[in-house]
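Reader: Please take me through one part of this structure in detail. I would like a close look at a place where two helices from separate chains pack together.

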Amino acid sequence: MIYLELFWSFFQIGLFSVGGGYAAMPIIEHQVVELHSWMTMQEFVDIITISQMTPGPIAVNSATFVGIQIAGLPGAIIATLGCIFPSCIIVLTLAWVYSRYRNLSVVQGVLGGLRPAVVAMIASAGLSILVLSLWNGAAVSLNPADLDWVSLLLFVGALFALRRWKLNPIYAMLACGGIGLVLYLLIGA
Amino acid sequence: MKKDFAFYRKLFTSTFSLSAFTFGGGYVIIPLMRKKFVEQYHWIEEEEMLDLTAIAQSAPGAIAVNASILIGYRLAGLVGAMVTVVGTVLPPLIILSLISLAYTAFQSSLIVKLVLRGMQAGVAAVIADVTLSMGWDVLKGKKWLPILIMFASFLAAAVFHVNVMVIILICAVIGLLATLHDERNGKAGA
């Protein structure tokens, strides 16, 4: 029963990928490439690349991709459901606990310690995307020739528009995509 | 706020459009959600958004999915959670289904590559914008412990690449100990 196998396989991926994002990669590889041979290693690398270029969490993306290749659109939907099912159960439980006990001073204390850490981790994630973008995936270097000037221009321009005029973030990203395309084509990157 | 059809439609379209633009996955959706639900709609408070983020990060599964479940549940219970999770999962489901039909063409397209490269700079700017606002709030609080936690966690994550789960755990323990210490000294809260 292929649907059941897909569901169970992605259920495990959803359950064990703590920390999100790239933490899920080795688990997906184990399930999809090694255990079930639903994909070759090359296809798996391709799906990672595509995941980086498209919206959505990597686990959901690979669930859709694998599901559709193995069992068409129903397969994609079932694999995706399997993947988010553990989250739904666990997170809903936590949400309930939070709404019930959030005013306890002990819980407030724990959350008070976590809030500044969350700010820091968002900053850290932002920094790594910025570095990736400014040096186009290469190592950080101080040589101006290695810097992606178009990307720097887009970053500064977008940040200014966001802070000064409170531009909608989605428009900021779309504008960067459009202006980036034109500039990169002009300079022949 | 009234939980009528218009509310659920707004909830669905918000999560759908946010999810459609979370390139790079993970934390990228958090700044977007904060902008939408905290700044624009005023449905959720700033502090609560940070709490929900911490919970989303600590639970297994994709952060985007977890955060949308938490926000949906917070705003409208189980039905809300179902609306937001469907809204979050649909865009990647649709997009990946289309791409899997023609993925060699997609992968080798120069135009796609360049647009995405430009958008990456935009994503970095969006996160920088939100980080500045949130970091400023922590500094404005003028309490040394949260400020210390913020800078130490940033160093640990960005420079020393410490596992995020470890950072979360340590900060939770620090927060807990600080509260217990304050309470023993007869002060309420941290």
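Author: Two residues are in contact if their C-beta atoms, placed from the backbone, lie within 7 Å. The model is predicted.

Start with the two helices. Helix 6 of chain A covers residues 149-165, and helix 6 of chain B covers residues 110-140. Their axes come within 8 Å and cross at roughly 40 degrees. Angles under 35 degrees would count as roughly parallel, so helix 6 of chain A is oblique to helix 6 of chain B. The crossing is right-handed.

Now the residues. Helix 6 of chain A brings A:S151, A:L154, A:F155, A:A158, A:L159, A:L162 and A:R163. They meet B:G118, B:A121, B:G122, B:A124, B:A125, B:V126, B:A128 and B:D129 in helix 6 of chain B. The residues of this contact divide into ten nonpolar, three polar and two charged.

A:C176 ties in here. Its place is in helix 7 of chain A. Beyond its neighbours within four places in sequence, A:C176 is in contact with A:L154 and A:A158. It also touches B:G118, B:M119, B:A121 and B:G122. A:C176 counts as buried because it has 30 C-beta neighbours inside 10 Å.

Step back to the whole contact between the chains. Chain A gives 82 residues and chain B gives 88. On the side of chain A, the elements that give two or more residues include helix 6 and helix 7. The largest share, 26 residues, comes from helix 5 of chain A. That side of chain A divides into 54 nonpolar, 25 polar and three charged residues.

Terms used
Residues are numbered from 1 along each chain as its sequence is written. Chains are lettered from A and ligands numbered from 1 in the order in which they are written. This is a predicted model: local features need pLDDT of at least 70, side-chain atom pairs count only at pLDDT 80 or more; totals for chains, interfaces and linings use all residues. Axes are lines fitted to C-alpha atoms, for helices over the stretch in contact, and angles run from 0 to 180 degrees between N-to-C directions. Helices (H or I, at least four residues) and strands (E, at least two) are DSSP runs, numbered from the N terminus. Angles under 35 degrees count as roughly parallel, over 145 as roughly antiparallel, 65 to 115 as roughly perpendicular and the rest as oblique. A crossing is left-handed if the near helix is turned anticlockwise from the far one by less than a right angle, and right-handed if clockwise. Ala, Val, Leu, Ile, Met, Phe, Trp, Tyr, Cys and Pro count as nonpolar, Asp, Glu, Lys and Arg as charged, and the others, Gly among them, as polar. A residue is buried if 20 or more other C-beta atoms lie within 10 Å of its own, exposed if 12 or fewer, and partly exposed in between; C-beta atoms are placed from the backbone.
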